[in-house]
Every structure is written in structure tokens, then in C-alpha cells.
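User: I am new to this structure and want to know what stands behind the terms used for it. Please set each value against its definition.

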Amino acid sequence: MTSSPHSGPTPGPTPGSSTGPSTGHPRAPIGRPTIVVIGAGAAGALTCLHLARTAARRSTRLDLVVVDPAPRVGTGTAFGTWEEDHLLNVPAAGMSALPEDPGHFVAWRRRTSPATAHPYEFVPRREWARYLEEVLRGALAEHAGEITLTHHPRRAVALDPADAGTDGAVVTLDDGTRLHGDAVVLGTGLPAPATDWAPAALRASPFFVPDPWAPGALDVVRRDRSGPADVLLVGTGLTAVDVALTTLREARPDRTLHATSRSGRLPHRHAPSMLPPVIPDVSDWGHDLDSLRGHVHLHLEQARADGGDWRAAVDGLRFRLSALWQRLDEESRKGFLAHDAAGWNRLRHRMSPTSHRRVDDLLATGTLTLGAGRVLDAAPLAGGGLRVHLSDGDVREVGWVVNCTGPRLDVREVGDPLLDDLLRTRADGRSLAVAATAGMGVCTVEGRLRDSAGRLRVPVWTLGALRRGELWESTAVPEIRAQALGVATAVLDAVAPVPRRLADGRLVSGHHPVARPRDPLGLPLSATAEAALAFNAGLERVMRLQDGAEEQLREAARLDPGFALAHAALALLGHESGAATDVLGSLEAAEQAVTARGDDRERSLVAVVRARVDGPRAHGDAALLGHVAAYPRDVLAVSAAVPTIAFSGVTDVRREAWELVEGLAPAYGDHWWYLSLLAFTRQDQDRFEEAGLLAESALACEPASGHAAHALAHVLYETGQHEQGRVWLDHWIAQNGRSANHRAHFSWHAALHELAEGDTEAVRRRYYTELAPPTVTGVRALVDSASLLWRWRMTTGACWGVDGDPVPPVAPVLAAVDAELLRHPPTPFTAAHAALGLLAAGDDAGLAELGDHVRTSTDPVMSTTVAALVDGFERLLRGDHAGAALRLQALLPALPDLGGSAAQREVVEETLLFCLRHTDRAAAAGDLLRARRARRPWPLDERRVAAALV
């Protein structure tokens, strides 16, 4: 089971690796735990990496001991190949070793191979091994002396609990060495390929290659010049693709490769360009195999029917597979393995576009043939080679037969000494491990081995291939890296727990039955357990941008009237985001409660809410920022501080908002909520590639994350992926965004894609079903619905050569907005949209009143930028297109001061273009459009440029 030796040249041993005979590993000094990691491939190396990084963040000294015959840590069977043709079957964007930095591998590629690096490239597997080794070396070097790694190039053959009275476990190596570990991690990778399908005569033949990944196994096949030239590949999956490309590198000119399997079908190919995964909401998919089959089929068909790609649906489903697998009983799981697994694997494990093109060429020239059949018999040929009889009636005379059927399914049949030892029944009648479904790994409790009595008997964790029976999807790097981080955290919690403060103020290590309840980010709560549950449910809804947060918070306050944070949260949501709450009443209840029961953080947050409600804005902003600096994991405070859909934030300066979000990284790591906020920051910085990766990573963890969906919506729009963006948004709104409390804004984003493609009928349908009052009212009607109607007027019409029915009237939208918000808006962003709404309505008196309000404001952005915008709009209403154009053109550089996103501010640019087309400066409109085309493809702009130049 441990990784095969590396098959290529070795640049040298891992720093700290043992060389020569092993003499054993003594017990670590007290306070310095030793973790034994069995396996040096991707799973083992990623575990070491995250153990090192997590221990360093906790200031924990740590000794890592890796056991594997491989000469280096970080290669293993999958990535130990040095063949240029052996490519990753996941694009580079999905191969980061760090969950919190999904662009990490892409950035590494740009440093090492700048000419070819791209997020959607399929890199040679050896390059990823080099990357992983370099990242691990860097983490160890950064903490040299504090964290060590020793590599024993041996095979583990047994594992036992530590001696009585001693914690940990003892691992026995094949040379008799016994290593003690405070904990052990099994990261042994996939087992060797199965050969039980092969007739005895074939298994005994020297012309049979049972394991193509064994070092040098294919060399003799490639270079053989005697006997028949042809080669039979048994299996037609990704292994067969790799073997086909490898064996032809130095092949004889007359060689033909014959591939056969039960289906006779090759894997599908990846899409030619990156697609955002379409993650379904599986809450109502049922718990039986037939129901799940039906829903999966509908999910794929819906993605195809929506104009998308079934691959995006498959990739999205991948993030739900473990949850669906947990719903099935043992018989249903076995039924899936028997009837569905092969078809799913062809959809899920796809060829890179490069490999697919090469395989297509081989098929077209007859160099590769496909057949559906089993091997029935094999007999030796005179002079070498084999005559092979297949179940489809074919008889092939070949020089070699290569086993490409993939790894063994059942670990009980692998013959690995360590696994056999873990599964054997011991003197007490129990085994240390139990085989999971169909023997696909072992049973665990969140990765920790469960013995045959259901107990966590030894401190042994596992990940990757040995969790297939529990998770099904558990062998690709995106899953393994997340498991590695989880295992690293669990192991360190067990062997070097972080001290925690109890309700009475005492610090203890480990868990304690009277510890205070905690919020989703681990902060303690001064509340009963029942109230804390309700509070956390509300807070998670705030984090996901979902409806129902206030109801949960009210329930928390009802369950525990002395719970200050519940009252403070209600006051904060009412004041900051307009939630329907009694702001002053909740604030007073919070202040009364926190004097009787509350810690420093809770008292600080209540004081912040008072400062936000009563004091001048600058004072409230300073108080909130001070609280966030002291308590960066306080999600409620950070939510109010960062400008998002839901909150205006504490700063109108974009760079300050960026610095605020980026400064929170040490407190959150790879938490999905933080990655969602960071994704939006990155798109605001025009770092769209990073933003997309971060958003997709967050959505993989929490598909209902409104912040991540918002960031991805901006990425798709700003990079001109209009069809993909519309399809993805429609799916998200209908599935994971069903409870989003800002659904109108996501609909607005989808409508922008439709406008960009010139599909005004689609915009009309969407407006009346998703954006028109009474579906949307209040500030959302102003910011989303009214601005969309004005943009619609600006981007279509006779002056652009774009036909279409009249745009719906804006009056019903403005009627659904509070008059005070239109005439005396509180922020520059709202004021700009009030001006747009009044302009669309032709309300010159309203614009004049708004102009008086903003010109006399003490806010400099109001009195300058917004005032200039209102002046330009007033000129346009008077028919002074030239004057309006001059005013708006001069204003463009200052638009970011208004806040909001580039997509929202773009409506001002659209208004400028409209004005230019109605003056003698029409050529300037063409210049502006061409400049925008260079930044982002937009089909409507193409048509408008053509109209302007004719």
C-alpha cells in the first residue's frame, strides 16, 4: 500500500531524512509530540505540510516521522512519474496544496514556467510533485528546529497501541524498527492494481505487466523490438490513456495498441475552457439509490438544457457526493458500485484536452483500437508474446499485455502487511480497524480509525484512498488537501490541545464538560446552550446572506433574555442593513444584559452598537474598527465593517476596505466565509482569476454563500463570460440561493448578462418576474430595479441600431421606494442611485431637491462627486447632451468614490455614451466603446461599434 519507489532521477534526500540503517525513533521530549505519517505520496506529504503549518500557527514544536520506501517525500505512485505525457486530470486551478489559497499552484507555475502557466492548463504530474515538495521544504525551513521531519525509507508492517500507561501507538517497520508516535496518520494512497480478472496463464507470463506504475515497468514494453509489435491494454480508463501515450513514445512504427474493457469506452474529455461548477441543492433528493439516480439525471439534463455544459453539473455534483453517499445504506452503495460507478467515473475522471486530441488522432489513424470484452485465456507465442482470446470473439497476438484496470477495490485482498495487521482480530477479540463498504478503506469517525467495537482505540487517523468506503469521492487532490487540513487540526487537538478559557475564567487544555457554548468561529457565548444554537443559526444565515436571521436571533433572545449578543445583533442588523427590528429596544436590552453577564468581547460589541446608533459616523466607524482589530473572528462585527451587498461598511475608500479584508487572513485561514469576502475584494482589484478561484473554493465548502456567489457573478461579467454567467446565476438563484435575502441583486446580475448579449426580451421576462414591484421594494428596488431600467434605455434604442420594445416605466419602482430615500439619501452610493431613478422618471423637481441635499452635505463625496453627477443628469433632462457629456466625462475618474462595484458604476459610463451619440462627438463614443472592448468582450458593444462606424 505504501508508495512505489520513484522511477526517475532523484535530486537528493529530503532534509532531515535518515540515511543508512534505522536505529528507531525515541520518545519525544515532553511538550514536543511526534506524529508518524505512513505514506510519502500526495496524502502523506499534504498531511505533513498542514501539520507543520498548523503547529507553527499554534507555536507548537513538532517532530514528523514519515515512513515510505520512496526516496523522497511528495512523489508517490500518482505523481512519481517523470513522463511528460502523464498529465494531471484536474486543471492547475484545482491543484493548490493550500485550501485557503486556491491560486497557489498557479502562482508557483507562473514563477517556474511563465511561458505556459495558466489556470486551465493540465500540467505534467511530475511538476505537481516538484511543487508539493518545494512547498513542504519551505514550510519546514521557515520553522527549522521547531518542526522537524525525518524520513524512514522503509515499509510499515504493523501497528499496535502504545504500552500500558503510555499514550500513542507503535509502528513496526520491515527491518524490525519500532517507532513510537503520539499519533499516527495513514496516508498510503491507492492500492496496487487488481489482477484477479486475469487467467492464471496470463498472470504467470513474463509478457504481462501487472502494475504499469511499478518503476521501469513500461520501459521494456516501449523498447521491445522482438515478438509481435502490438500491445493489449486491459482497461480503457485514464490509466490506459497514460499507458497508450507512454508506450508509443519509442514504439515500433508498426505497433498498434488494442484497448479492451467491459464497456469499451474511453473517459470523456474536459471542456475546452474553465467552467464554474454548478452545485445542486440536494436537500430534497431523497435517501434511496433510485431517487438519487433520477435527481442526478435531472441535474445534468437541466444544465445542458439551460445552454450550459454537463461537465459543470458533474463538477458541481462532486462537492455533494460525500453527503449523498452518507444517505445510502450498504446494499444501495454496493448497487451503485455494481451498476453506476463505471459510468460515473467516465463522466467524473476526464481526459485533459491535450490528451484527448492525441487519443483522437491515434483512433483516427488506427494506431489505437477499442473493444468491449474480457480476457478469457492467453497462451505463449514462439519467440515471445501472447495469443489472447477475448470474450467478443477476437484473438489478438500481442507482444505485451498491460493491466490498466485500476487499483484493487477491497483492502482486505491487497496483501499489505500493515492493513492486514490493522484488520486482524487480536487476543481481546477485537481488531484495530474495520473494513468500510466493499472493503474500500476502513471505518472512521471523522478520519480517526474506529475499532471493531466501534471505539476510538488508538490515536490513528487516515485520509484519501482509505476513506473511499465512507466518502466515495476521496482520491483527488482537492478532496485530499481538505482532509489533510482536517486531520492535521484533529491530530494537534488531540496531542497538543490549545488552552481554552472556561466560563469561570480558568484555562484548561483539551475539552471540558462545562465549557461555554461557542459561535461558528469558536468564540465563546454567554448564553444557555439552547439560545446559543438559535443564535448560531441566525449568525450563519447572516454569513450566507440568507433570510430568517432576525427570527433566529429573536428566538435566541426569547430562550435566554439575558443573552446580550442576541439583543445586540438584532440592533446592529436593524441599524446597518435595515432589518425589521426594534433597534433602540434591542440595544437597551443588550446593555442591561451585558452588565449582568458578558465577557470583554460581548461588552465591546454592545458599546460599538451604541456608538453606531447614537454617535457621529466617524466615531461609530472608529469604534467598530477598534473592535474588529481586538476580536477579528467576530463575524457580526466584521460583516458590518466590510462593504458588501448587505452592509455599507465603515469606509468609502476602496483601498482601505481591501486592507481591512486582507488583514483578517491570519484569523480565518481557509474558512469559506472569509474566502468569500476575499474573493469579492480580489474582483474589485481586477484580479479576476484569483477572485474566481477563491469564490469557487468557498462555494465548494458552502454552496449557499451569497458573498461567494456575488464575487463569482462579478468575475463572470467582467471577463465577458455572459452565457456561462447567466446559466450559472440562474441555477444558483433557483438552487442554493433560494433563501438569499438579496435575490434581486443576483437577478440584476443575470439581467446584465442578457443586456450584454442584446437579449432584451429575456431582460423583460426577468424584470417582470424577479425585479418589478411588489417582488422588490425599498432600497433594492432603487439600486437594482430602477438602475436596470435606466441602463436598458441607455444600451438599446435607435441611436445604437438596436431594436426593441419600449423599456418598462420606472414610476412603479420609485413608488415602492420611501420618498425620503429618494430626496435625502444617507450615503453617496444611495444618492447616486436616487439620481438615476429620478432621471429615469424625468423628475426634474426631484433632481433639483436631491441636488440641494447633496451640495449642502458635510460628506465631501456627496458635495462634490454626487453633486456633479446630479448636475450632469439635470443637463441631460434639459436636452443639453453636450453639457451633460462634458460633466459626466470629467466625473469618470471620481466614480469609485461613490462605492459599490464597477458593474454598478458602469451605468454612468452608459449614460455618457448615450450623450456622446447625441452630439457632434459621436466618434468619441466609438473610441470609448473600443477601449472597453479591449478590457472585456461584450457582444452588444460589438454591434454598437458597428453602428457608430457605419
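User: Why is the pairing of R396 with D394 called a salt bridge?

Analyst: A salt bridge requires a side-chain nitrogen of Lys or Arg within 4 Å of a carboxyl oxygen of Asp or Glu. The closest N and O atoms of R396 and D394 are 3.3 Å apart, so the pair meets that cut-off. In general, side chains of opposite charge can pair when their charged atoms come close.

This is a predicted model, in which local features need pLDDT of at least 70, side-chain atom pairs count only at pLDDT 80 or more, and totals for chains, interfaces and linings use all residues. Residues are numbered from 1 along each chain as its sequence is written, and side-chain values use heavy atoms, with hydrogens and water left out.

User: What makes R396 and D394 partly exposed?

Analyst: The term covers relative accessible areas between two limits: buried is under 20% and exposed is over 50%, with a 1.4 Å probe and protein chains only. R396 is at 23% and D394 at 31%, so both fall in between.

User: How do you know that D160 and R426 form a salt bridge, and which parts does the pair tie together?

Analyst: Their side chains come to 2.6 Å, N to O, which satisfies the definition. D160 is in strand β4 (residues 156–161), while R426 is in the loop between α14 (417–423) and β16 (444–445), so the pair ties together parts 266 residues apart in sequence. Helices (H or I, at least four residues) and strands (E, at least two) are DSSP runs, numbered from the N terminus. D160 has a relative accessible area of 22% and is partly exposed; R426, at 11%, is buried.

User: Which helices does the pair E849 and R823 tie together?

Analyst: The side chains of E849 and R823 form a salt bridge at 3.3 Å, N to O. E849 belongs to helix α36 (residues 844–855) and R823 to helix α34 (residues 819–823), so parts 26 residues apart in sequence are tied together. The whole structure has 67 salt bridges. A network of them links E723, R726, D730, E754, R766 and E770.

User: How many disulfides are found in the whole structure?

Analyst: The search finds zero, so no pair of cysteine sulfur atoms lies within 2.5 Å, the cut-off for a disulfide. Among the cysteines, C48 is buried at 0% relative accessibility, whereas C701 is exposed at 52%.

User: Is H299 buried or exposed, and what is it in contact with?

Analyst: H299, in helix α8 (residues 289–305), has a relative accessible area of 6% and is therefore buried. Contact means heavy atoms within 4.5 Å. Beyond its neighbours within four places in sequence, H299 touches V278, P280, W285, A313, L317 and H731.

User: Which residues of helix α3 are buried?

Analyst: In α3 (residues 104–112), these are H104, F105, V106, W108 and R109. They pack against α4 (125–142) and α27 (688–701).

User: What makes the lining of the largest cavity seven nonpolar, three polar and one charged residues?

Analyst: Ala, Val, Leu, Ile, Met, Phe, Trp, Tyr, Cys and Pro count as nonpolar, Asp, Glu, Lys and Arg as charged, and the others, Gly among them, as polar. The lining includes F829, H833, G899 and R905, so F829 counts as nonpolar, H833 and G899 as polar, and R905 as charged.

Definitions and conventions:
On a 1 Å grid over the protein atoms alone, a cavity is a set of points where a 1.4 Å probe fits but cannot get out, and a pocket is an open set with protein on both sides within 12 Å along at least five of seven lines; lining residues have an atom within 4 Å of a point.
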